[in-house]
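Me: I've got this model open and I'd like to go through some of the labels people put on it. Can you take them as they come?

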Amino acid sequence: MTDKQAFVLWLMTAISVLLVAVPLIALIIGRIVTAIKKSQSKQSAQFARMLLAFSVMLFGAIFFVRLSSDIFQHVSAGNGLRAYDWLENILDSVIRSLQTFSLDEDYADCVIESRKMMAALAGEGAFAVFLYGAYSSLLNVLAPVAGGAIIFDILSSIFPMFRLFLAHLAFWRPKYYFNELNDRSLAFAGSILETEKTFFRRPVIIISEAYPDNDNETCQERLYKAKLLGAICLPDDIINIPKNVFGMRKYILIAENEVENLHSITGLASERKYKCLKGAEVFLFTQDDMYMLVEEQVRSFLRDRIPEKEFPVVVPVQRYRNLATNLFDDLPLYEPIIDKEKDENGIRDLNVTILGAGSIGMEMLLAAYWCGQMLDVRLNLSMVSGMKREEFFGNVDHINPDLKKSTVKQSSLLRYNKRGDCAPPYCSINYFSADIDSDHMSCVLSNKTENGKTLYDTDYFIVCLGTDEKNIAVANRLSQEMGIYHLTDEKDPRTVIAYVVFNSELCNMLNVTKKHDYSICDGSDVYMYAFGSLDEVYSTRNIYMKELELGADKTEVVYDSVNYKKAMSDIHNNRAKDNYAYWSHLARSRHVKYKIFSSGLYKKSVFNTEGMTDKEYIKDRVEAREKYKKLIYGRDHDLSLMHRLAWLEHRRWCAFLRTRGFRGTEEYVKYYEKHSSHKNMPLKLHPCLVETDTDYMRAEFDEDGIIKKELLFETDTADESVDLLDTVSLNVRGFKPGQRDFKYYDYPIGDFKELLKKE
């Protein structure tokens, strides 16, 4: 064998090895990058392309191994290589490579021939002979596997039921069953894949009622996007598709017509299908509280069929309610008033104006009502829309008539003792009917509120009028008007303008630069913030509400992202036992930073962060949080502040429950006699929905600085100066031995689980 012939054989061997090594290295690097970025979108399509590319390269590698062996045999026989010999060897190598994929090749002969060639090139006994023989054997193993994988991929693409069957075999992977293919489900599925995946437990997305429609371009695009996500798309509805009855399962009922979601859950709980709900979670998308009736019927049906510990957990997803709560967490209501001047009574106004009275606008109003409860802050809420005044307040009364009563001075709802003393109103609610599209912005802002000020004095605007175009246009007009107004105001005013932008790309682009300066004030005086994009509304953060503080009060609910499965089970079980508990704990945890503001610990706002990086701003907030912990936990308590914060927490709790339709009751003794509970949850009646007096707030601490749980004092309930919450505590304790003082739960020590004293 000549040197030229040896060089050709070495070259073909090197090409063969590179054809296998390069794609394998690229695949490994790709998996590492994917794991770092936590990105799984379009992974199925990328995997299919990589599998095809790898198979082509694998075929090339096998081809060069076969070709080099054939040429070596030809040369070893002492024959020269003519042109038609090359052609014959190439065609023979192609055939043998194809036979390797189809399991028709004689593998033993291939390995023997490969070892002989390498022995001639590298010498008998060389380590390269062993490596090349092993390499040839590896190719013979990889080829049929890759061929089978391609066949499986083709079958699963053509027959989604076959792919669903394979997915069900992977019992360790969590399954997410969606009841409809739409923009909502696509956004939520993408968020699940981005945040929920682990290397070995990649979620399986199964979307029912997903079928091609050649006459509907939007439908075709959605189906294409779903397949890029790697979703299994089935034309049948969620009730009839095959489902696992074990393993982690979540049913996402997210149809655009929310009545269909109620139909889906009742269908899943039917006589023939109910087993699929055992131990599952059901995320029911609905803006209406009627879900509670359906949930109760489902639980009643399952009670005789499934052990209670295996009952499905039904989680209502009221996305706009979540959106409002997240907005006031990301950009709190107090930001524009951190440095605001107080009046002679030590009070500062917080003026919030909402443009638009639709579903989002009403949820913003309700969230601002309870989030805006802060110490030494007078809350003024204003709503502007084209709706008639009577219709708007009718909608408020439909939610809860007590909402409006809580805004009226000397209302019976505000009475905090039998003597008739009243607490100050929770807020004022102003409504102005205006055509925001056609009316001049200055005319809209010139409307006067109950406190005698105009909407120009608004600290926090929320724009939610419908379309993105309208919201962006109105927000820009607002920023210009407020900028001009600030030029003539000597009090250094600051205004937040938060506006809904549903388009995700546009929303992100608008938030690249959030601050706009329109005045001679130091720093920014108008802070623009786009929110409410499709990806935000249907994200795991907005749906799961996972980014919360650790549990509040004695239940010690844990709801965090570290041990999500156990956390979800704990908090959902508590919600199942007491319908208001789930949201009540959520609201308390979100209000912690408002209590930190009420304690005077925040010094910086989003308006005066010049020279500060984002990390420094976050550090400032973290330091304030740690100061708050030390303030409420330790030997040197500021008891006066502790009592005021406890009073504030009870007021916030009352405000929150009223936004959920709860009302107070004096019939709690009768409830306990019949149901062993002082609350009547089906009727949304709670005896603790009464006002308290700061003079009667109290707390005692042990030698370790930990709050004592027995706060009740000896008193006469006939004393007309005793506040109403104490009266309830004493009465309940009379027929329920061991009952703690209800005021214990209001103290800020319960804001952090690690500060709670063990039972």
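Me: Before the labels, what kind of model is this?

Reply: It's a predicted model. Let's start in the loop between β2 (204-207) and α8 (217-228), where Glu209 sits.

Me: What makes the phi of Glu209 worth a mention?

Reply: Its sign. Phi of Glu209 is near 50 degrees, so positive, and the residue isn't a glycine. Most residues other than glycine have a negative phi. Gln410 is another such case, with phi near 60 degrees. You'll find Gln410 in the loop between α14 (401-405) and β9 (428-433).

Me: Why is Gln410 called exposed, and what is Glu209 called?

Reply: Exposed takes over 50% relative accessible area. Gln410 has 62%, so exposed is the word. Glu209 has 32%, between the 20% and 50% cut-offs, so Glu209 is partly exposed.

Me: How do you know that Asp343 and Arg378 form a salt bridge?

Reply: Look at the closest N and O atoms: they're 3.4 Å apart. The cut-off is within 4 Å, so the pair counts. Asp343 lies in the loop between α11 (319-330) and β7 (348-355), while Arg378 belongs to strand β8 (residues 377-385), so the bridge ties together parts that are 35 residues apart in sequence.

Me: Which other salt bridge does Arg378 form?

Reply: One with Asp349, where the closest N and O atoms are 2.9 Å apart. Here the pair ties strand β8 to strand β7, parts that are 29 residues apart in sequence.

Me: Are Asp349 and Arg378 buried or partly exposed?

Reply: Asp349 has 10% relative accessibility, under the 20% line, so Asp349 is buried. Arg378 comes out at 35%, which makes it partly exposed. Asp343, the other partner of Arg378, is partly exposed too, at 25%.

Me: What makes Asp402 and Arg663 a salt bridge?

Reply: Their closest N and O atoms are 3.6 Å apart, and within 4 Å is what the term asks for, so they qualify. Asp402 is in helix α14 and Arg663 in the loop between α24 (639-659) and α25 (668-675), so this pair ties together parts that are 261 residues apart in sequence. Asp402 is buried at 5%, whereas Arg663 is partly exposed at 34%.

Me: How many salt bridges does the structure hold, and which residues are linked in a network?

Reply: The structure holds 25. Asp329, Asp330, Arg541 and Lys593 are linked in a network of salt bridges.

Me: Why are β3 and β6 called edge strands?

Reply: Start with the order. The sheet is open, has six strands and reads β3-β2-β1-β4-β5-β6, with parallel pairing. β3 (232-233) and β6 (313-317) each pair on one side only, and that's what earns them the name.

Me: How do you know that β5 pairs with β6?

Reply: Pairing needs at least two bridges, and five join strand β5 (residues 281-285) to β6, so the two pair. They run parallel. Phe283 stands opposite Val315 in β6.

Me: What makes Cys371 and Cys427 buried, and how many disulfides are there?

Reply: Cys371 has 2% relative accessible area and Cys427 has 5%. Under 20% means buried, so both get the label. The structure holds zero disulfides.

Me: Which residues touch the most other members of the largest nonpolar core?

Reply: Out of its 123 residues, those are Phe178, Phe188, Phe328, Met364, Phe392 and Tyr460. Helix α24 gives the most to this core, with eleven residues. Among the residues Met364 touches are Leu323, Phe328, Ile354 and Phe531. Apart from that core lies another, of 28 residues, including Ile232, Val294, Phe311 and Val314.

Me: How do you know that the buried residues of α13 line one face?

Reply: In helix α13 (residues 389-399), Phe392, Phe393 and Val396 are buried. Seen down the helix axis, the buried residues of α13 fall within an arc of 90 degrees, so they line one face. The face turned away from that buried side carries the exposed residues Glu390 and His398.

Me: What covers the buried residues of α13?

Reply: The cover includes α12 (359-371), β8, α14 and β9.

Note on methods. Residues are numbered from 1 along each chain as its sequence is written. This is a predicted model: local features need pLDDT of at least 70, side-chain atom pairs count only at pLDDT 80 or more; totals for chains, interfaces and linings use all residues. Side-chain values use heavy atoms; hydrogens and water are left out. Helices (H or I, at least four residues) and strands (E, at least two) are DSSP runs, numbered from the N terminus. Buried means under 20% relative accessible area, exposed over 50%, partly exposed in between (1.4 Å probe, protein chains only). A salt bridge is a side-chain nitrogen of Lys or Arg within 4 Å of a carboxyl oxygen of Asp or Glu. A disulfide is a pair of cysteine sulfur atoms within 2.5 Å. A nonpolar core is a set of buried Ala, Val, Leu, Ile, Met, Phe, Trp, Tyr and Cys residues joined through side-chain atoms within 4.5 Å. Contact means heavy atoms within 4.5 Å. The arc is that of the directions from the helix axis to the C-beta atoms. Lists of a residue's contacts leave out its neighbours within four places in sequence.
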